[in-house]
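Okay, thanks for coming, everyone. Let me put the structure up on the screen and walk you through how the pieces sit together.

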Amino acid sequence: MFDLKYTYTKREWIRAIRRYLFLSKMISVPMIFTILFLYVVMIDLVILNRFIWIAIIIGSINFFFTVVYVFLYFIQPGYSYKMSGLELKEIRFVFSEDKIMNENILGSSEVLWEYYHSYLESPGSFFLEIAKNQYNIIPKRVLGTKERVDAFRVLVKKHLMESSELEREKRMKRKDKDI
């Protein structure tokens, strides 16, 4: 059983949210390179004075995606931390073999492990996924020692699939339906 009480630091929250954006593939390196490539194509079209209307369309689409990614990566994590008052809220999670108890300033709840469908792990946090883009962040620092982190990982793996395993299983089920 793990009884964890903590408050998030602003830096920890922002880093965890940014890491999750990449782990969940909401933002990926190929997407970033595609946007950069399209900017190069747009600039090339403008310099050559050809297909200006195509350059304007490409530039408009790129600008939209750039604004969205800048917002998601740079603005939204700090804004969500500030607006939710996380620096003042102590959070408590109790993880047992059959359920998870969550307690915070808004109230408390007990849920079975089945409520969560998968998890992701980064160097600093565990992300217990409730649904796509809905998750609880458990900082590894609150677990203390490496041994407790390993024991927590074993408990989580016992009840949940790693997100990549879940995606692989969904793909296999889709292939089975196609056959």
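So, at roughly what angle do the axes of helix H2 and helix H3 cross? Before I answer, keep in mind that this is a predicted model. The angle is roughly 150°, and the axes of H2, residues 29-47, and H3, residues 52-84, come within 9 Å. Anything over 145 degrees counts as roughly antiparallel, so that's what we call H2 relative to H3. The crossing itself is left-handed.

Who's touching whom? On the H2 side you've got, among them, Met-31, Ile-35, Leu-38 and Tyr-39. On the H3 side, look for residues including Ile-54, Ile-58, Phe-63 and Tyr-69. If you sort this contact by class, you get 15 nonpolar residues, three polar ones and no charged ones.

Okay, over to the sheet. It's an open one with four strands, and the order is E7-E6-E5-E8, with mixed pairing. E7, at 134-139, and E8, at 161-162, are the edge strands; each has a single partner, so one side of each has no neighbour in the sheet.

Let's zoom in on E8. It runs parallel to E5, residues 118-121, and two bridges join them. If you want a spot to click on, Tyr-119 sits opposite Glu-162 in E8.

Now the helices on that sheet. H4, residues 146-159, packs on it and touches E5, E6 and E7, with its direction at about 20° to that of E6. Then there's H1, residues 10-23, which lies across E5, E6 and E7 and runs at about 130° to E7.

That's my tour, happy to rotate things around.

Definitions and conventions: Residues are numbered from 1 along each chain as its sequence is written. This is a predicted model: local features need pLDDT of at least 70, side-chain atom pairs count only at pLDDT 80 or more; totals for chains, interfaces and linings use all residues. Side-chain values use heavy atoms; hydrogens and water are left out. Two strands pair if DSSP finds at least two bridges between them. Contact means heavy atoms within 4.5 Å. Axes are lines fitted to C-alpha atoms, for helices over the stretch in contact, and angles run from 0 to 180 degrees between N-to-C directions. Angles under 35 degrees count as roughly parallel, over 145 as roughly antiparallel, 65 to 115 as roughly perpendicular and the rest as oblique. A crossing is left-handed if the near helix is turned anticlockwise from the far one by less than a right angle, and right-handed if clockwise. Ala, Val, Leu, Ile, Met, Phe, Trp, Tyr, Cys and Pro count as nonpolar, Asp, Glu, Lys and Arg as charged, and the others, Gly among them, as polar.
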